[in-house]
Amino acid sequence: MNIILFGPPGAGKGTQAQFIVKKHNYFQLSTGNLLRDEVKLKTSLGSKIEQLISNGEFVSDEAVNTLLKQAITHLKFRDRIIFDGYPRNIEQAINLELILNEFKQTIGHTIFLNVSRDIIEKRIMGRMTCEKCNMTLNEYFNKEQIELHPCGPEHLKKRKDDNLEVVIARYDTYMTATKPILDFYSKNLNFTEIDGAQEIDQITTKIDDILKV
Ligand code: AP5
Ligand code: MG
């Protein structure tokens, strides 16, 4: 079964997804990472995507859905996907249902990391992402881990969209377009809300407990 990790920008979706991958044999499908990979290819689609991400706007459903379908239909990932940053609006939620039904897969758990805006700002402003392994650390909270990062601290970079103006735009978009789809998921028995303001380890323990069931 697959997992949806849901939450605002900076909630810790990527951080927790990386732990789930290591401990529970899942694959992280971060639409943000897939889109940033496309930007690195410097294609014309990549430059359009770069512009949208830089402004904190959504990339078109068409482009994101295409990337998503490629992953869902990949045999290696079958029923072991963590959806990180998808779905983000009602159309994407419907699309996910349709594709999963078509390929006879299910969502086993929807986990909502609930974090308020004031906490998010500090997390995102301090985030350092490894350009090699995509690990996310934080210059305010993980100074020592940054120095000891296995790929080398020089590979930890700031994301271009991690500035205050864009963070506010992303949060506002989350509140208007993304959060309302929780009405749909929260009615399901497999939905769990976690207080995302807790320490990283505390949240990981709660997710471990959910995945054991
Ligand atoms: P995306 O890359 O998905 O960004 P996001 O949703 O804004 O989420 P973030 O990656 O910023 O946050 P996160 O929850 O992963 O937090 P993290 O674990 O890194 O998308 C980027 C853009 O791509 C979008 O704006 C849009 O343009 C486009 N896009 C993506 N998907 C799309 C879609 N489906 N449709 C259309 N467009 C799409 O943690 C953040 C920081 O906090 C880190 O430094 C971490 O170390 C720290 N931290 C994490 N947890 C804790 C904790 N519990 N305590 C203290 N610090 C913590
Ligand atoms: Mg992320």
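A polar contact here is a pair of N or O atoms within 3.5 Å; within protein, one must be able to donate a hydrogen and the other to accept it, and residues adjacent in sequence count only if both atoms are side-chain atoms. With that in hand, an oxygen atom of ligand 1 sits 2.6 Å from a polar backbone atom of Glu-57. This is a predicted model, where local features need pLDDT of at least 70, side-chain atom pairs count only at pLDDT 80 or more, and totals for chains, interfaces and linings use all residues. Residues are numbered from 1 along each chain as its sequence is written, and side-chain values use heavy atoms, leaving out hydrogens and water.

**Around ligand 1**
- There are 36 residues around ligand 1 (a heavy atom within 4 Å), and Thr-15, Glu-57, Arg-88, Arg-127 and Arg-170 come nearest.
- A polar backbone atom of Gly-85 is 3.1 Å from a nitrogen atom of ligand 1.
- Arg-123 has a polar side-chain atom 3.3 Å from a nitrogen atom of ligand 1.
- On its own, ligand 1 exposes 1,000 Å² (Shrake-Rupley method, 1.4 Å probe), and the protein buries 96% of that.

**Helix α10**
- Helices are DSSP runs of H or I, at least four residues, numbered from the N terminus.
- Ile-203, Thr-204, Ile-207, Asp-208, Ile-210 and Leu-211 of α10 are buried (under 20% relative accessible area, 1.4 Å probe, protein chains only).
- Down the axis of α10, these buried residues fall within an arc of 160° (directions from the helix axis to the C-beta atoms), so they line one face.
- Asp-201 and Lys-212, both exposed (over 50%), are on the face turned away from that buried side.

Conventions. Chains are lettered from A and ligands numbered from 1 in the order in which they are written. Helices (H or I, at least four residues) and strands (E, at least two) are DSSP runs, numbered from the N terminus.
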